[in-house]
Amino acid sequence: MTVPAFGWFLLPIVSGATALGILWIYGLLIGRQGRQARVSPQQDKSAHFLFQNGVLMDHDLPERLLPQNLSDWSSLRDWFCDRFPEFPNDVALVPAGDGLLLKSVIPGDQAMLDIALIGPVCRITLRDPTVPSPAERHDNLRLSARLENWNTALRHAPFGLSISSMDGRVIWQNLAFSNLPEDERARLLPDRKIVPECEGSLIDRISFKNAADGATQWYEVNSTRVGGDLFHYVTDITKVIQAETVRREFVQTLTKTFANLTTGLAVFDRQQRLALFNPAFVDLTGLSAEFLSARPDLIGVFDNLRDRQIMPEPKNYANWRTRISEIVATASDGLYQDTWSLPSGLTYRVTGRPHPDGAVAFLFEDISDEIALTRRFRTQLNLRQAVLDQLPDAIAVISPNNLLLLCNKRCSDVLGIDPDSSLAELSVPALIAICREHIPDDTFWPQAETLLSGHNLTEPLETVLYSRAGHPMRCRLSPLTGGSAMLSMADCTATVPIDTSCQAAG
């Protein structure tokens, strides 16, 4: 066959094109095989960790995926627990032999975690057949889950949160803030120009009138600048304001009450500095209000009281501070109480009581009139006792509750009793028994005991009895006012006719 002249010209071109086509097809095949070779190896779809004695010895994670502070079993568990919550708390809980095979709790996730013991070494293998890099996918899922948790927590937080841009546009807000009325939301956000940088915050309290019931609602707004955004935290503090109002009114009430007390009050805080005093304390001690308003310490107050002779002068001044310390210690532990007799003739009762948080309160009472009244009463009692002791008859007074109230010296001699020498009180049965022993009679004394025990003594009961020595004695039981009774025993003279029968005296 004869080839045309132009055929020899096309032959090299066709041959070159065929060679290039073959090379191009071969390159495509080699490239596909190379990509498949890079993806297909099983080790690229798993991540490995080796632990020995609870310490991470080796791993095959790239540095960019290595979690921070991943050095022990606990840190690795924290990294895996969102996806594999059954990850054991300790390597000792991994069973020998088969080990553990954990599945991901995320729906549709095919990842698995194989934990196996190989002698003293524990190998952990993360497998995920759906991606080339299981560790990278796991870290992304972990971060996404945590971001979703944080977003849910902030969205459902019990306080309001709003994020706005520098031009005043609201970027994001949670449910608590979005549930507020629109006009209130606008008033709660402060002027963006006065919000400080992230080192500081702008705190403000804003109140609103509730249109439904007219109650006042209080909010505290804490605003701060973070980068180019403004963060506003809104908290409902209505109950806090109400509590502060109640506390303030209670303190005012207490202050008014303390101001009207006649008892001086001085309260010292835990640092032993004067925290509170009332006008009565100024009047009783003579200390100036200027000095007390400067909040002096407890030692300074007591030193001034000593200088003004408002407290007893110490016999040993060297031990003065020790005595003050003992007073404070006694008042702090329980109750301190003392009576101060002053050179001016006044008498103060000083009481110290502990208060919460280490505070101490001292009460000063002027008991001069009480002491004077007690002394006068005691003098009158002594005078009356002296008068009774001068009587020749034996006298015994019985109280309404059937106890021996008092007796004179003659009664003590006749019956052989001394009520002042014993702390125990003498009852009517015991007194009647003593009387029957010294002046025997089986009629008068039982009758007297019955009348006294039943509180039925309305008229005097009188008779003449003989003592064991044979002396005749006129015994008389007479009612007194208030339910008391008086028993008198008198020696009979020879001229007085003797009648041994019991009779009611007219």
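These legends describe close-up views of a predicted model.

**View 1. Helix α14 and its buried residues.**
Helix α14 spans residues 444–453. Four of its residues, F444, W445, A448 and L452, are buried. These four cover an arc of only 90° around the axis, which puts them on the same side of α14. An α-helix has 3.6 residues a turn, so residues three or four places apart point the same way.

**View 2. What the buried residues of α14 pack against.**
One helix and several strands meet the buried residues of α14. The helix is α13 (428–438). The strands are β16 (394–398), β18 (461–466), β19 (472–479) and β20 (485–491).

**View 3. H455, just after α14.**
H455 sits in the loop between α14 and β18. Its phi is positive, at about 55°, although H455 is not a glycine. Is H455 buried or exposed? H455 has a relative accessibility of 53% and counts as exposed. The cut-off for that word is over 50%.

**View 4. Q272, in the loop between β11 and β12.**
Q272 also is not a glycine, and its phi is positive, at about 60°. The relative accessible area of Q272 is 34%, so this residue is partly exposed. The loop that holds Q272 joins β11 to β12. Both strands, β11 (264–268) and β12 (274–277), return in the view of the second largest pocket, where each supplies at least two lining residues.

**View 5. The largest pocket.**
The volume of this pocket is about 390 Å³. It is lined by 15 residues. Closest to the centre are L404, L405, L406, P419 and D420. Which strand gives the most to the lining of the largest pocket? Strand β17 (residues 404–407) does, with 4 residues. By type, the lining of the largest pocket holds 9 nonpolar, 3 polar and 3 charged residues. Rolling a probe the size of a water molecule over the atoms shows where empty space is left.

**View 6. The second largest pocket.**
This pocket has a volume of about 270 Å³. Its lining has 13 residues, and the closest to the centre are L254, F258, V267, L276 and H355. Three elements each supply at least two lining residues: α6 (238–260), β11 (264–268) and β12 (274–277). Helix α6 gives the most, with 5 residues. How do the lining residues of the second largest pocket divide? There are 10 nonpolar, 2 polar and 1 charged.

**View 7. D109, a buried residue in a loop.**
The loop around D109 runs between β3 (100–103) and β4 (112–118). D109 has a relative accessible area of 12% and is therefore buried. Buried here means under 20%.

**View 8. The partners of D109.**
Which side chain makes a polar contact with the side chain of D109? The side chain of R83 does, at 2.6 Å. A backbone atom also lies close by: the nitrogen of A111 is 3.2 Å from a polar atom of the D109 side chain. Setting aside neighbours within four places in sequence, D109 is in contact with R83, S104, D128, R137 and L141. R83 thus appears twice in this view, in the polar contact and in the list of contacts.

Definitions and conventions: Residues numbered from 1 in each chain as written. Predicted model: local features only at pLDDT ≥ 70, side-chain atom pairs only at ≥ 80, totals over all residues. Heavy atoms only, no water. Buried < 20%, exposed > 50% of the residue type's maximum accessible area, 1.4 Å probe, protein only. Arc of directions from axis to C-beta. Contact = heavy atoms within 4.5 Å. 1 Å grid on protein atoms, 1.4 Å probe; cavity = no way out; pocket = protein on both sides within 12 Å on 5 of 7 lines; lining within 4 Å. Points joined across faces, edges and corners; volume = space filled by probe spheres on them. Nonpolar A, V, L, I, M, F, W, Y, C, P; charged D, E, K, R; others polar. Polar contact = N/O pair within 3.5 Å; in protein donor to acceptor, adjacent residues only side chain to side chain.
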